[in-house]
Amino acid sequence: VIHLEPENFDHYYNLAILYKENKEYKKSCHFLLKSLEIDPENVKALTLVAAISFTLQEFDISIEKLDTLVKLDPSNEDALLQRAIISLKVGKFENSLNGFYDLGKLKGFNDNLLSDIAICHFFLGNLEEAKKINNLSGSAKNFEYNDAIINLKLGNYKEGWIGFQSGLNNGSRELRSGFEKFKNLPFWDPKKHKKSIVLIGEQGVGDEIMYSTIINELLDKVEKIFLFCDPRLKK
């Protein structure tokens, strides 16, 4: 059909949808971009390219298409939110902060949005501002974890470590890629699990080295320790 009608937007878009349903995301993105060559301001194609590019971790493409969506419709809440989230993920904290504020001016500042703003301030080093805004976001799913990492950064270690565990429950702390199959294991309970424990690397190699210094203390609590670490640390 594309061969017969190469200038028809719908043919490329429909083929992209089929590839998406088949989880062939690169091919889907390819044909979406082809469709946008015909209709560069098509909202549904721009939205889908942004989403699939995010899945493929091609964040520059995703942000570019979201920028176009916001130019076409400055009140597009979904585009503003996705752009702010991606900017946060790639370390463009100032852009993310501005995006969350723009969204708040449109729809109001609910607790989850305040929580996102707080974490932007955290990464920008504005710790007191981060704590103040996070305290206003009491019902946000990330409230406790945000409070924990802010306290740790401020040196309030007791309060920080108490809340740090909550990041495992709300998705803020994720298992390293390849270890997702362990996600359903129960958390260690010192009263129940005395025979063995498995430790799974979670963050960068620097964090892993730092935390490894306290592994020996577990030997007083359990009989056997298994460790999944960064391959570079194996020796």
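Here are a few notes on this predicted model, moving from its surface patch to two buried residues and then to two loops.

1. **The nonpolar patch.** A good place to start looking is the surface, where Tyr 157, Trp 161, Met 210, Tyr 211 and Ile 214 come together as a nonpolar patch. Their combined accessible area is about 530 Å². Two elements each supply two or more of the patch residues: helix H10, spanning 157-164, and helix H12, spanning 205-212.

2. **Tyr 211 within that patch.** Tyr 211 belongs to helix H12. Its relative accessibility is 30%, so Tyr 211 is classed as partly exposed. You may like to display this side chain together with the other patch members, among them Trp 161 and Met 210.

3. **Ser 87 in helix H5.** Is Ser 87 buried or exposed? With a relative accessibility of 4%, Ser 87 counts as buried, because the cut-off for that class is under 20%. Ser 87 sits in helix H5, which covers residues 77-89. Setting aside neighbours within four places in sequence, its contacts are Ile 63, Lys 92, Phe 93, Asn 95 and Ser 96. For a sense of scale, Pro 231 is 144 residues away from Ser 87 along the chain, and their C-alpha atoms are 30 Å apart.

4. **Asn 151 in helix H9.** Helix H9 runs over residues 143-154 and holds Asn 151. At 5% relative accessible area, Asn 151 is buried. Which residues does Asn 151 touch, leaving aside its neighbours within four places in sequence? They are Lys 131, Asn 156, Glu 159 and Gly 160.

5. **Lys 23, a positive phi in a loop.** Most residues other than glycine have a negative phi. Lys 23 is not a glycine, yet its phi is positive, near 60°. Lys 23 lies in the loop that links helix H1 (9-21) to helix H2 (25-38). Its relative accessibility of 61% places Lys 23 among exposed residues, since that class begins over 50%.

6. **Gln 57, a positive phi in another setting.** Where is Gln 57 found? Gln 57 is in the loop between helix H3 (43-55) and helix H4 (59-72). Its phi is positive, about 60°, although Gln 57 is not a glycine. At 56% relative accessibility, Gln 57 counts as exposed.

Conventions
Residues are numbered from 1 along each chain as its sequence is written. This is a predicted model: local features need pLDDT of at least 70, side-chain atom pairs count only at pLDDT 80 or more; totals for chains, interfaces and linings use all residues. Side-chain values use heavy atoms; hydrogens and water are left out. Patches are made of residues with over 30% relative accessible area and no salt bridge: like charges are joined within 9 Å, nonpolar side chains (Val, Leu, Ile, Met, Phe, Trp, Tyr) within 5 Å. Accessible areas come from the Shrake-Rupley method with a 1.4 Å probe; for residues, only the protein chains shown count as cover. A salt bridge is a side-chain nitrogen of Lys or Arg within 4 Å of a carboxyl oxygen of Asp or Glu. Helices (H or I, at least four residues) and strands (E, at least two) are DSSP runs, numbered from the N terminus. Buried means under 20% relative accessible area, exposed over 50%, partly exposed in between (1.4 Å probe, protein chains only). Contact means heavy atoms within 4.5 Å.
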